[in-house]
Number of protein chains: 2
Amino acid sequence: METSHSGDELARMLATLANPHRMRVIAALASGRNYVSALARELGISRPLLQLHLARLEAAGLVTATFELSADGKAMKFYDTVPFTVTLTPQSIALAARTLTLEDGEKTS
Amino acid sequence: METSHSGDELARMLATLANPHRMRVIAALASGRNYVSALARELGISRPLLQLHLARLEAAGLVTATFELSADGKAMKFYDTVPFTVTLTPQSIALAARTLTLEDGEKTS
DNA sequence: TTCACCTGCAAGAGAAAGCTAGCAGGTGCC
DNA sequence: GGCACCTGCTAGCTTTCTCTTGCAGGTGAA
């Protein structure tokens, strides 16, 4: 399930993974799905902070969210990891760098 | 030449790679070593800026620097890429997350 | 109703990253 | 000397990231 990424996608993915909290979130979800509040308790961080990191992980395509109703009718948002495999080498980075957007005047249209 | 990294090392490596300029530096050096000023011209960025990024890349262990004297006696700093292979999966991240430092009271000594 | 649980959002402060401008040193060649 | 090239450093601004605090909504159970 290897995906070919554009340079910008790869950069955003790496920036997203390069954070201790988000690494721990991936680690926690890799051993089983969970919902936001329980995950916050498990990781020992505040729920708003976790939601911020989950939003970034989801934006980078590293986790997915599913809304479900618990047995007693509570609306709960479950998160899962998205399987991915990215191999980083000088060559793979050189390849991705070819498709990087010019941060300045990108749109020529 | 795969290295096993601590969680902190991996995080710093990812943070270092997650930058368009630094990706381009890796790309440029992957096709051949070069010295600072020439590399700055090739990439179209200012020399001080490039030096900043090179320092970060070197700190993350992704490039190495070698001081050499050119034929006409100029002191020139040549940079090379360090071969590396890092495979990123939810599992590998979960493994690295186990060795993450607690950003707060890390030293118990 | 009150409590315990679930969710979402946003303002504001503090910390870190990114970049420029400008200074310093050196060499060799005309 | 003056110019062209090489290197190194840093003060200071701007932008981005990170995190807390505090508010809003909802449900079911005692």
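**Entry 1: polar contacts across the interface**

I began with polar contacts between chain A and chain B, and the rule finds 2 residue pairs across their interface, both at pLDDT 80 or more. The model is a predicted one, and I read every value below with that in mind. I then looked for salt bridges between chain A and chain B and noted a count of 0.

Next I listed the elements on the side of chain A that touches chain B. Those giving two or more residues are the helices α1 (7–17), α2 (20–30) and α5 (90–97), together with strand β4 (86–88), of chain A. I sorted this side of chain A by class and got 22 nonpolar, 5 polar and 2 charged residues.

**Entry 2: extent of the interface**

I looked up how many residues each chain brings to the contact: 29 come from chain A and 29 from chain B. The area buried between the two chains is about 2,500 Å², and carbon and sulfur atoms give 76% of that area. I also asked which three residues of chain A supply the most of the area it buries against chain B. They are A:Met23, A:Leu88 and A:Pro90, with 23%.

**Entry 3: A:Leu88 and the core**

A:Leu88 had come up in the area list, so I followed it further. Leaving aside neighbours within four places in sequence, A:Leu88 contacts A:Leu10 and A:Leu14 in chain A, and B:Leu14, B:Leu17, B:Phe84, B:Thr85, B:Val86 and B:Leu88 in chain B.

I then checked the largest nonpolar core and found that it has 62 residues. A:Leu88 is listed there among the residues with the most contacts inside the core, along with A:Leu17, B:Leu17 and B:Leu88. For background I noted that nonpolar side chains tend to be buried together in soluble globular proteins.

**Entry 4: salt bridges**

Over all chains the rule counts 6 salt bridges. I opened the one between the side chains of A:Asp80 and A:Arg33, where N and O are 2.3 Å apart. A:Asp80 lies in strand β3 (residues 75–81) of chain A and A:Arg33 in the loop between α2 and β1, so the pair ties together parts 47 residues apart in sequence. A:Asp80 has 23% relative accessibility and counts as partly exposed. A:Arg33, at 36%, also counts as partly exposed. I noted that a network of salt bridges links A:Arg33, A:Glu68 and A:Asp80.

In chain B I looked at B:Glu68 and B:Arg33, a salt bridge whose closest N and O atoms are 2.4 Å apart. B:Glu68 is in strand β2 (residues 63–69) and B:Arg33 in the loop between α2 (20–30) and β1 (34–35) of chain B, 35 residues apart. Their relative accessibilities are 31% for B:Glu68 and 35% for B:Arg33, and I recorded B:Glu68 and B:Arg33 as partly exposed.

The salt bridge of A:Asp72 with A:Lys74 has its closest N and O atoms 3.6 Å apart. A:Asp72 counts as exposed because its relative accessibility is 57%, and the cut-off for that class is over 50%.

**Entry 5: A:Asn34**

Is A:Asn34 buried or exposed? At 14% relative accessibility A:Asn34 counts as buried, since the cut-off is under 20%. I placed A:Asn34 in strand β1 (residues 34–35) of chain A.

The side chain of A:Asn34 makes a polar contact of 3.3 Å with that of A:Glu42. Not counting residues up to four places away in sequence, A:Asn34 touches A:Leu29, A:Leu39, A:Glu42, A:Lys77, A:Phe78 and A:Tyr79.

Key. Residues are numbered from 1 along each chain as its sequence is written. Chains are lettered from A and ligands numbered from 1 in the order in which they are written. This is a predicted model: local features need pLDDT of at least 70, side-chain atom pairs count only at pLDDT 80 or more; totals for chains, interfaces and linings use all residues. Side-chain values use heavy atoms; hydrogens and water are left out. A nonpolar core is a set of buried Ala, Val, Leu, Ile, Met, Phe, Trp, Tyr and Cys residues joined through side-chain atoms within 4.5 Å. Buried means under 20% relative accessible area, exposed over 50%, partly exposed in between (1.4 Å probe, protein chains only). Contact means heavy atoms within 4.5 Å. Buried area is the accessible area (1.4 Å probe) that two parts lose on being put together, summed over both. A salt bridge is a side-chain nitrogen of Lys or Arg within 4 Å of a carboxyl oxygen of Asp or Glu. A polar contact is a pair of N or O atoms within 3.5 Å; within protein, one must be able to donate a hydrogen and the other to accept it, and residues adjacent in sequence count only if both atoms are side-chain atoms. Helices (H or I, at least four residues) and strands (E, at least two) are DSSP runs, numbered from the N terminus. Ala, Val, Leu, Ile, Met, Phe, Trp, Tyr, Cys and Pro count as nonpolar, Asp, Glu, Lys and Arg as charged, and the others, Gly among them, as polar.
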